[in-house]
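Good morning, and thank you for joining this presentation. Please take a moment to look at the sequence and the structure before we discuss them together.

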Amino acid sequence: MWNWVLWTVVGLVVLVLGVSLALVLTMRTKQPRALAVVRGFNRRLNNPRMLRHAGRPGSELSVLRHVGRSSGKPYETPIGVYPLEEGYLVNLSYGQETDWLRNLRAAGTAELVVDGQAHQVSAARVVGWAEAAPHVFPGHTFFVHLLGVTEFLVLQRVPVTSSDGR
């Protein structure tokens with residue numbers, strides 16, 4: 001009986017370690033097919049769960065509300081942001097070819113909900129680790145390096161004007 005339990009636990013540990021290693025290798029190498037699998041998994045399973053709390057006061061995750069570049073359909077994407085003086089910094093874990101970034105660039109602006117507050121933002125520029133490092137939370141630095149993130153997006157706050165142009 002105990003032999004069976006022990007082998008089950010060992011098997012689960014080996015499985016978790018194998019999946020974790022595969023994820024790290026996928027993120028570091030940015031192999032397109034493997035990234036598509038990870039993005040699909042996140043889109044279907046992780047994102048809906050994360051959106052339940054993202055953007056709310058006290059949440060580590062924010063919500064980017066954007067419009068599909070061809071469909072015009074509204075989307076919500078949970079993202080982690082780091083505050084900057086002029087806006088926010090986002091790590092581009094999957095690189096620059098994500099749907100949300102392509103949608104943001106096509107539309108010009110999107111709504112970012114951070115800690116319960118909504119902000120209009122635009123994709124200002126992509127920066128490297130040297131410029132992003134001072135803004136990344138110390139506890140996140142290990143994972144940024146582990147996953148091989150080398151690109152970060154600066155989201156610039158867009159001043160909101162009233163409908164009468166003021």
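Let us begin with Arg65, which is partly exposed, with a relative accessible area of 37%. I should state at the outset that the model before you is predicted. The side chain of Arg65 meets that of Glu111 in a salt bridge, at 2.8 Å from N to O. Arg65 belongs to strand E1, residues 61–67, and Glu111 to strand E4, so this pair ties together parts that are 46 residues apart in sequence. Glu111, for its part, has 24% relative accessibility and therefore counts as partly exposed.

That bridge is one of 7 salt bridges in the structure. I would now draw your attention to Asp99. Which residues are linked with Asp99 in a network of salt bridges? They are Arg43 and Arg69. Between Asp99 and Arg43 the N to O distance is 3.2 Å. This pair links distant parts of the chain, with Asp99 in helix H3 and Arg43 in helix H2, residues 32–51, at a separation of 56 residues. Between Asp99 and Arg69 the N to O distance is 3.4 Å. Arg69 lies in the loop between E1 and E2 while Asp99 lies in helix H3, so the pair ties together parts that are 30 residues apart in sequence. As for accessibility, Asp99 is partly exposed at 30%, Arg43 is partly exposed at 45%, and Arg69 is partly exposed at 37%.

We turn next to the interior. In soluble globular proteins, nonpolar side chains tend to be buried together. Here, the largest nonpolar core has 15 residues, and the members that touch the most others are Ile79, Trp100, Leu112, Leu153 and Leu155. Which elements give two or more residues to this core? They are strand E2 (74–83), strand E3 (87–91), helix H3 (99–107), strand E4 (110–114) and strand E6 (152–157). Helix H3 and strand E4 have thus appeared twice in this talk: Asp99 of helix H3 takes part in the bridge to Arg69, and Glu111 of strand E4 in the bridge to Arg65.

Leu155 offers a view of the surroundings within this core. Leaving aside neighbours within four places in sequence, its contacts include Ile79, Tyr88, Val90, Leu104, Leu112 and Val121. There is also a second, separate core of 10 residues, among them Tyr82, Leu84, Val136 and Phe152.

Phe152 leads us to the aromatic pairs, of which a search of the whole structure finds 3. Trp129 and Phe152 form a tilted pair, 5.8 Å centre to centre with 40° between the planes. Trp129 is in helix H4, residues 129–132, and Phe152 in strand E6, so the pair ties together parts that are 23 residues apart in sequence. Is each partner buried, or exposed? Phe152 is buried, at 0% relative accessibility, whereas Trp129 is partly exposed, with a relative accessible area of 25%. Another pair joins Phe142 and Phe143: their ring centres are 5.1 Å apart and their planes stand at 80°, so this pair is edge-to-face. Phe142 counts as exposed at 53% relative accessibility, and Phe143 as partly exposed at 48%.

Finally, we come to the surface. Leu6, Trp7, Val10 and Val14 make a nonpolar patch of about 420 Å². Val14 is found in helix H1, residues 2–29, and is exposed, with a relative accessible area of 52%.

How values were computed: Residues are numbered from 1 along each chain as its sequence is written. This is a predicted model: local features need pLDDT of at least 70, side-chain atom pairs count only at pLDDT 80 or more; totals for chains, interfaces and linings use all residues. Side-chain values use heavy atoms; hydrogens and water are left out. A nonpolar core is a set of buried Ala, Val, Leu, Ile, Met, Phe, Trp, Tyr and Cys residues joined through side-chain atoms within 4.5 Å. Buried means under 20% relative accessible area, exposed over 50%, partly exposed in between (1.4 Å probe, protein chains only). Helices (H or I, at least four residues) and strands (E, at least two) are DSSP runs, numbered from the N terminus. Contact means heavy atoms within 4.5 Å. Patches are made of residues with over 30% relative accessible area and no salt bridge: like charges are joined within 9 Å, nonpolar side chains (Val, Leu, Ile, Met, Phe, Trp, Tyr) within 5 Å. Accessible areas come from the Shrake-Rupley method with a 1.4 Å probe; for residues, only the protein chains shown count as cover. A salt bridge is a side-chain nitrogen of Lys or Arg within 4 Å of a carboxyl oxygen of Asp or Glu. Rings of Phe, Tyr and Trp (its six-membered ring) pair if their centres lie within 6.5 Å; planes under 30 degrees apart count as stacked, over 60 as edge-to-face and the rest as tilted.
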